[in-house]
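Here are my notes on this model, in the order I'd go through them at the screen. Have the structure open while you read.

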Amino acid sequence: AMYVISAWLVWFCLLVLLLTPSGAELDESVREINPSAAVLPPSEVHVFDNGVIFLKKHLIPVQISRYSTVNIHEPEVEKVFSSILQSICTEDRIFLDIGAAGGYYCILAKKLCPTLHIVAVNPVKKFRDMMAEHVGLNGGFPYISVPHAITDNNETKFVNIHKGFGSGIISGRSSNHHAEHVAAMTMNSLLPIALRDQSQSARIGLMMIDVQGQEEKILRNWTVDNTRVDNILIGTHSPSIHEKIVAKYSQLNEYMIKLSKPRVNGEPDGILW
């Protein structure tokens with residue numbers, strides 16, 4: 001009987017290992033990252049006109065083509081972004097970047113306002129690693145890394161998400177090798193994390209959202225809190241999504257829509273502030 005039980009336990013453990021989603025990201029928690037400053041040869045880096053430095057190996061062909069014309073990631077978005085940062089640049093303000101990817105806007109935010117606290121939401125490990133590299137290239141600074149996907153459902157604890165550029169949540173179960181199984185949380189859970197360990201007067205001066213078509217969905221059940229979030233800048237991924245968000249926020253007293261562009265020439269997303 002003992003041998004039968006032992007054999008059963010071995011098979012059970014093997015089954016658990018096979019069914020458990022792979023990837024260290026499941027064991028990662030929200031934590032501070034502080035990459036050391038790094039310098040690489042000019043041939044290996046791309047320097048934007050605003051001084052942000054990226055590794056060339058992380059740029060994709062459509063980006064390289066765009067930057068050869070205007071050497072800024074998203075010129076129209078950046079104008080709005082820069083004007084917001086000028087208005088919030090105090091010691092107790094936070095920049096919350098939901099969908100930070102390679103860290104472009106986090107790095108730019110720190111260049112424009114060195115006192116800002118940075119919180120970067122990056123569910124895909126590839127982009128967390130990429131951002132850490134880029135922050136190091138740009139002198140290094142501490143920031144909070146949140147390795148979770150943002151969803152609209154408190155019951156959703158894990159989701160599948162595309163690994164590459166344009167990464168977004170995949171509906172249902174997926175065996176796609178281009179998918180990554182990651183922990184999830186809602187906006188209502190995220191904001192206390194962004195404000196954690198900050199002073200009572202701390203506020204999220206700017207919350208930026210670029211989540212590849214999930215923007216309306218993740219905002220759907222958020223308990224709107226303009227007492228702790230001053231500005232929301234959203235990259236909208238279709239005119240229909242854009243209009244849904246406009247319709248919702250037009251009915252709220254907490255926020256006023258200052259800029260609404262469903263399409264922007266030469267840029268991938270619409271702009272909603």
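1. Let's start with a charged side chain: is R93 buried or exposed? This is a predicted model, so read everything below with that in mind. R93 counts as buried because its relative accessibility is 16%, and the cut-off for buried is under 20%. Its salt-bridge partner is D230, with the closest N and O atoms 3.4 Å apart. D230 comes out at 24% relative accessibility, so that residue counts as partly exposed.

2. Stay with that pair for a moment, as the bridge ties together distant parts of the chain: R93 sits in strand β4, while D230 is in the loop between α7 (215–220) and β12 (232–236), 137 residues apart. There is also a wider arrangement here, since a network of salt bridges links D92, R93, R203 and D230. In general, side chains of opposite charge can pair when their charged atoms come close. The count of salt bridges comes to 9.

3. Another bridge to look at is K261 with E76, at 3.5 Å from N to O. This pair also connects distant parts of the chain, with K261 in strand β13 (residues 260–261) and E76 in helix α3, 185 residues apart. K261 has a relative accessible area of 31%, so it is partly exposed. E76 counts as partly exposed too, because its relative accessibility is 25%.

4. For a local bridge, go to helix α7. R220 and E216 both lie there, 4 residues apart, which is about one turn of the helix. Their side chains meet in a salt bridge of 2.8 Å, N to O. R220 is partly exposed, given its relative accessible area of 41%.

5. Now for a charged residue that lacks such a partner. E78, in helix α3 (residues 75–88), is buried yet has no salt bridge. The nearest side chain of opposite charge is R66, 9.2 Å away; E78 has no bridge to it because a salt bridge needs the N and O atoms within 4 Å. What E78 does have is a polar contact of 2.7 Å with the side chain of Y104. Beyond its neighbours within four places in sequence, E78 is in contact with N50, I72, H73, Y104, Y105 and L108.

6. On to the nonpolar interior. The largest nonpolar core has 34 residues, and F81, F95 and L233 have the most contacts inside it. Elements giving two or more residues to this core are α3, α4 (104–112), β5 (117–121), α5 and β11 (203–209). There is a second, separate core of 33 residues, which includes I98, M185, M187 and M207.

7. What does L233 touch, leaving aside its neighbours within four places in sequence? Its contacts include V77, V80, F81 and I84. L206, M207, M208 and I209 are also among them, as are I271, L272 and W273.

8. L96 deserves a look as well. It is found in strand β4 (residues 93–98) and counts as buried because its relative accessibility is 0%. Setting aside neighbours within four places in sequence, L96 is in contact with V119, V121, L190, L191, A194, I204, L206, M207 and M208. L96 and I232 are 136 residues apart in sequence, with their C-alpha atoms 9.5 Å apart in space.

9. Some of those L96 contacts lead to helix α6. The buried residues of this helix (residues 187–195) are M187, L190, L191, I193, A194 and L195. Just after α6, check the backbone at D197, which takes a positive phi of about 65 degrees.

10. One spot in helix α5 (residues 125–137) is K126. K126 is partly exposed, as its relative accessible area is 41%. K126 and A101 are 25 residues apart in sequence and 8.6 Å apart in space, C-alpha to C-alpha.

11. Finally, the overall figures. The protein chain comes to 8 helices and 14 strands, and 45% of its 273 residues count as buried. Of the contacts with a separation of 6 or more, 68% are between residues 24 or more positions apart. The chain exposes about 14100 Å², with carbon and sulfur atoms supplying 56% of that area.

Methods: Residues numbered from 1 in each chain as written. Predicted model: local features only at pLDDT ≥ 70, side-chain atom pairs only at ≥ 80, totals over all residues. Heavy atoms only, no water. Buried < 20%, exposed > 50% of the residue type's maximum accessible area, 1.4 Å probe, protein only. Lys, Arg positive; Asp, Glu negative; His and termini not counted. Polar contact = N/O pair within 3.5 Å; in protein donor to acceptor, adjacent residues only side chain to side chain. Contact = heavy atoms within 4.5 Å. Core = buried A, V, L, I, M, F, W, Y, C linked by side-chain atoms within 4.5 Å. Areas by Shrake-Rupley, 256 points an atom, 1.4 Å probe, with all protein chains shown as cover.
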